[in-house]
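Good morning, colleagues. Please take a moment with the sequence and the structure as they come up, and then I shall walk through what can be read from them.

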Amino acid sequence: MLLKETIQDNYFQGYAYSYPHKSAYRQLSPARSLDDIWAAEKKDSLFLYVHIPFCEMRCGFCNLFTIANPKSPTQSPYLDKLQQQATAVKSAIGEQAKFARVAIGGGTPSYLSVPDLEQLFTIVNSTMGAVTQAVPTSVESSPKTLTTEKLALLKQYGTTRMSIGVQSFLLEETKALGRPQKTVEVQHALQLIKDSGIPEMNIDLIYGMAGQTTQTWQYSLDQSIAFEPEEIFLYPLYVRPLTGLGLQERAWNDHRLQLYRFGRDYLCANGYEQITMRIFRRKSAPQMPATPYDGPTDGMVGLGVGARSYTSGFHYSSEYAVGKKGVKEIIHSYNEQQNFSQIDYGVTLPVIEQQRRFVIKSLLEGGALDFAAYGNTFGSHVLQDLPELRELYSLGLVADNTAKIQLNKQGLELSDVIGPWLYSSNVQEMMKKYDLA
Ligand SMILES: C[S@@+](CC[C@H](N)C(=O)[O-])C[C@H]1O[C@@H](n2cnc3c(N)ncnc32)[C@H](O)[C@@H]1O
Ligand code: SF4
């Protein structure tokens with residue numbers, strides 16, 4: 001289908017943060033061994049992702065893989081299982097494997113206690129061999145869970161970036177999101193991060209919730225800017241607000257688009273540069289530390305329930321069935337799991353899917369789709385492999401350049417249409433079947 005027809009009046013069709021989406025993964029029979037999966041892979045600049053599926057509360061809008069308020073996260077069986085899984089994974093990837101980046105995400109990793117965080121970083125460093133004091137390491141957090149002690153520990157282990165979900169600085173709006181949060185608590189947490197000495201701070205904000213206006217949006221943007229974070233992420237709300245707005249689909253889309261444009265222009269007028277549809281980086285911030293990790297081609301090792309792992313031609317994770325079985329049940333079975341060296345849930349990517357993934361990641365993650373880099377990886381020209389990309393030119397969505405494709409301002413605005421439009425019909429079909437199951 002032509003991109004022009006796909007757009008219609010909806011700029012918010014889906015956030016393509018990974019390709020293929022987990023709903024295209026399936027049960028594998030027979031299972032594959034980790035050794036076999038990683039044997040022939042390039043492993044000199046891997047990304048290590050560790051998923052912590054715990055939060056202080058379950059926010060109304062959130063469909064991430066997490067549970068609220070587990071009774072006793074301290075010394076939880078979850079960390080012991082992480083240790084067990086890490087041992088199995090390390091044995092498969094081998095001593096030579098090198099990690100160029102580390103991210104601890106969730107859920108809310110800062111929900112863990114100080115001893116649990118200590119155990120977590122020991123697993124990452126001692127078992128996995130990632131050197132968090134030497135490579136970019138980021139940790140996600142929420143305001144109420146941060147303390148001076150936790151931040152000191154994270155700093156000590158070399159954390160370079162703290163990401164904090166704020167969503168809005170107005171209690172009324174966080175209530176509308178199903179995540180009531182007092183502004184003073186948010187400000188206190190932001191100050192703790194500033195005082196911790198961790199060099200990078202990122203603030204997440206959401207637009208499109210019930211009751212939000214341009215003025216209230218500007219208030220949250222101003223409050224964020226006042227803390228001079230290195231990055232601000234603006235997320236369009238992706239779960240329809242249950243109350244308040246009372247808008248039809250079309251009007252909600254218009255509302256989000258108007259707020260998106262306002263937020264983008266406001267940040268750009270106040271010292272920030274747009275990197276992707278969601279990411280804005282302070283122009284005066286020091287350059288991000290260089291890393292050899294290359295998103296479109298390098299592998300990702302995921303640890304923890306819900307975490308994905310990517311090799312060049314195979315993606316896998318623990319079972320993904322949030323709606324059906326419930327996250328609790330899946331975490332429970334992770335906590336009971338004895339064998340971590342067999343993988344029974346994932347998807348194989350034929351070359352055409354690897355090419356699509358390369359294109360989607362290059363276009364949507366703040367870089368550019370470089371013809372030479374693509375040619376080096378696949379030995380062909382991307383415009384021959386995916387001729388539909390030519391429409392980006394005819395619609396005026398890319399910068400004028402003969403060596404690469406880079407979305408311009410209009411193209412970035414359409415990221416959440418361009419991503420899903422680039423999904424192959426096969427992947428779309430798998431995702432649809434999963435939704436119907
Ligand atoms: C793992 S969370 C961040 C850390 C922490 N758990 C918190 O919420 O404070 C990642 C971010 O994704 C965004 N997000 C999650 N679900 C969303 C949705 N349905 N629509 C828009 N943004 C969403 C939120 O901005 C959230 O901060
Ligand atoms: S938004 Fe953050 S704190 Fe809320 S449920 Fe999702 S992961 Fe947890």
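Let me start with Leu48. Setting aside neighbours within four places in sequence, Leu48 is in contact with Phe99, Val102, Val124, Met128, Ala130 and Val301. I should say at once that this is a predicted model. Leu48 belongs to the largest nonpolar core, which holds 65 residues. Within that core, Leu48, Val50, Leu120, Val124, Ile193 and Tyr207 touch the most other members. There is also a second, separate core of 24 residues, and among its members are Ala24, Leu369, Leu412 and Tyr423. As general background, nonpolar side chains in soluble globular proteins tend to be buried together.

Now to the chain as a whole. The protein chain contains 18 helices and 17 strands. Its radius of gyration is 21 Å, close to the 22 Å that the globule rule gives for 437 residues, so the chain is as compact as a globular protein of that length. Taken along the principal axes, the C-alpha atoms fill a box of roughly 55 × 50 × 45 Å. Of the 437 residues, 38% count as buried. Among contacts with a separation of 6 or more, 78% come from residues 24 or more positions apart.

How is the chain divided into domains? The assignment gives domain 1, residues 23-282, and domain 2, residues 351-436. On the side of domain 1 that touches domain 2, there are five nonpolar, three polar and no charged residues. Eight residues of domain 1 are in contact with twelve residues of domain 2. The C-alpha centres of the two domains lie 26 Å apart.

I turn next to the ligands. Ligand 1 is surrounded by 18 residues, and the closest are Ser142, Gly165, Asp204, Tyr235 and Tyr238. Which elements give two or more residues to this shell? They are strand S5 (99-106), strand S7 (161-167) and strand S8 (200-207). By class, the shell around ligand 1 comprises nine nonpolar, seven polar and two charged residues.

Around ligand 2 we find Cys55, Arg58, Cys59, Cys62, Leu64, Thr66, Gly106, Gly107, Thr108, Ser142, Gly165 and Arg179. This shell divides into four nonpolar, six polar and two charged residues. Please note Ser142 and Gly165, which are among the closest residues to ligand 1 and are also found around ligand 2.

Two residues of the ligand 2 shell, Gly106 and Gly107, bring me to the backbone. The peptide bond from Gly106 to Gly107 is cis, with omega near 20°. Gly107 sits in the loop between S5 and helix H4 (114-127). The bond from Tyr19 to Pro20 is cis as well, with omega near -5°. Pro20 is placed in the loop between helix H1 (3-7) and strand S1 (26-33).

There are also positive phi values to report. Gln167, although not a glycine, has a positive phi of about 75°. Gln167 is part of strand S7, one of the strands that contribute to the shell around ligand 1. Glu228, likewise a residue other than glycine, has phi near 50°, and its place is the loop between H8 and strand S9 (231-236).

Are these two residues buried or exposed? Gln167 is buried, because 25 other C-beta atoms lie within 10 Å, and the threshold for burial is 20 or more. Glu228 counts as exposed, because it has 12 C-beta neighbours inside 10 Å, and exposure is assigned at 12 or fewer.

Directly after S7, Ser168 lies in the loop between S7 and helix H6 (171-176). Ser168 counts as buried, with 26 C-beta neighbours inside 10 Å. Leaving aside neighbours within four places in sequence, its contacts are Glu173, Thr174, Leu205, Ile206 and Ser220. Ser168 and Pro180 are twelve residues apart in sequence, and their C-alpha atoms are 9.9 Å apart in space.

Thr174, one of those contacts of Ser168, leads to my last residue. The C-alpha atoms of Thr174 and Met209, 35 residues apart along the chain, are separated by 8.6 Å. Met209 is located in the loop between S8 and helix H8 (214-226). Met209 is buried, with 30 other C-beta atoms within 10 Å.

Thank you; I would be glad to take questions.

Note on methods. Residues are numbered from 1 along each chain as its sequence is written. Chains are lettered from A and ligands numbered from 1 in the order in which they are written. This is a predicted model: local features need pLDDT of at least 70, side-chain atom pairs count only at pLDDT 80 or more; totals for chains, interfaces and linings use all residues. A residue is near a molecule or strand if its C-beta atom, placed from the backbone, lies within 6 Å of it. Helices (H or I, at least four residues) and strands (E, at least two) are DSSP runs, numbered from the N terminus. Ala, Val, Leu, Ile, Met, Phe, Trp, Tyr, Cys and Pro count as nonpolar, Asp, Glu, Lys and Arg as charged, and the others, Gly among them, as polar. A nonpolar core is a set of buried Ala, Val, Leu, Ile, Met, Phe, Trp, Tyr and Cys residues joined through C-beta atoms within 7 Å. Two residues are in contact if their C-beta atoms, placed from the backbone, lie within 7 Å. Domain bounds come from an automatic or database domain assignment. The radius of gyration is taken over C-alpha atoms; the globule rule is 2.2 Å times the number of residues to the power 0.38.
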